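Let's walk through how the chains of this model meet one another. Have the structure open as you read, and follow along from one contact to the next.

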Amino acid sequence: MIKKWTITTDSRDQFFEITDKIKVTVLEAGVESGIALVYCPHTTAGITINENADPDVKADMLRRLDELYPWEDPKDLHGEGNTAAHMKASTVGSSAKVIIHEGTPLLGTWQGVYFCEFDGPRNRTFYVKII
Amino acid sequence: MIKKWTITTDSRDQFFEITDKIKVTVLEAGVESGIALVYCPHTTAGITINENADPDVKADMLRRLDELYPWEDPKDLHGEGNTAAHMKASTVGSSAKVIIHEGTPLLGTWQGVYFCEFDGPRNRTFYVKII
Amino acid sequence: MIKKWTITTDSRDQFFEITDKIKVTVLEAGVESGIALVYCPHTTAGITINENADPDVKADMLRRLDELYPWEDPKDLHGEGNTAAHMKASTVGSSAKVIIHEGTPLLGTWQGVYFCEFDGPRNRTFYVKII
């Protein structure tokens, strides 16, 4: 079973929480035990699992990623000027895997699943594949 | 089949090798062919696969990660002061996947599987899900 | 089903595109729906999914990774002198997951799958496991 989701991000860099969408998909699939692969088909965005309690963590992480991969870099050759977004995408990765246990995603107490926007705002797509 | 493991880490930053625990789990599962998903349910720790021959590699990697993501950063907003650990967690990722082939994990000659502690020492948990 | 591929890389750092090899493997497997796990058994190389349209993106990314993880670092203890390659490997990760949908890999318009060489040139191996 595969489900395609569409979201609209709000800014250039954003951790857009999709935990509830994963839960809904797993529930719809009716699978007791397995894995949910959350997949981002874009090259300037990614998926990560991290803290969903204090929003300051997200703000700190986006700021630190931006310091690590500055948007403006005179050495970049790529004409679109978004090499930093490609770097961030490969750093967090294009997918995340969640264990399905007793019919529900097995996440840690503080874990949330995030669609990571690095070149927004845009309409974006992601897939949840249940196996 | 899913197995939950508990470990105790020794320092703030540590690559704690769990290769043997993965092997034991795969053996117990009695699966000839498949995938083992090694999953970390914490947000200040992760899982990576890297060299297990020379311990200097681990020391170098932890030092370089610390230089990249300094523990103290006056711009961080997060009150717990462990934003660096969250950064490291999303960089290495929350899970690793290992191929099971002929009843055993198919790892490269120099590969080991590591639980990456970034905010220890602590009691920690990880899961191995066999599919 | 598992397939082992062998490639020869051309330089120390290289994004070697393997998208076609993934497609061939999926076709050979004859699987309508599932997941392809692309796995790198080396510790100084990795797998990532990123843009395959403008080659400048690859050049920029390799240059930025090299700035982030300089090859020469007097603090490194590891005798082989390739700690930077190990860092890059854990940053991009040792595997990538691709959804198989209607008999073919479900990749985004601009996505390609890359074997990431960080300590070449060398003969290298990777696996594609279909589940």
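A good place to start is a single pair: the side chains of R64(A) and D73(B) join in a salt bridge, 3.8 Å from N to O. The term salt bridge here means a side-chain nitrogen of Lys or Arg within 4 Å of a carboxyl oxygen of Asp or Glu. Between chain A and chain B the count is 5 salt bridges.

Before going further, a word on what you are looking at. This is a predicted model, in which local features need pLDDT of at least 70 and side-chain atom pairs count only at pLDDT 80 or more, while totals for chains, interfaces and linings use all residues. Residues are numbered from 1 along each chain as its sequence is written, chains are lettered from A and ligands numbered from 1 in the order in which they are written, and side-chain values use heavy atoms, with hydrogens and water left out.

Now step back to the whole contact (heavy atoms within 4.5 Å). Chain A brings 31 residues to it and chain B brings 30 residues. About 2500 Å² is buried between chain A and chain B, and carbon and sulfur atoms give 58% of that. Buried area is the accessible area (1.4 Å probe) that two parts lose on being put together, summed over both. On the chain A side, R64(A), K97(A) and I99(A) lose the most area to chain B, together 25% of what that side buries.

How are the two copies related in space? Chain A can be laid on chain B with an RMSD of 0.0 Å by a turn of 120° and a shift of 0.0 Å along the axis, where copies are superposed by least squares on the C-alpha atoms of residues with pLDDT of at least 70 in both. The two copies are thus related as by a three-fold rotation axis. In chain A, T91(A) has the C-alpha nearest the axis, 3.3 Å from it. Only 13% of the interface residues of chain A are also interface residues in chain B, so the copies meet through different surfaces.

Turn next to chain C and chain A. Here chain C supplies 30 residues and chain A supplies 31 residues, and the area buried is about 2500 Å². R64(C) forms a salt bridge with D73(A), with the closest N and O atoms 3.8 Å apart. Across this interface of chain C and chain A there are 5 salt bridges.
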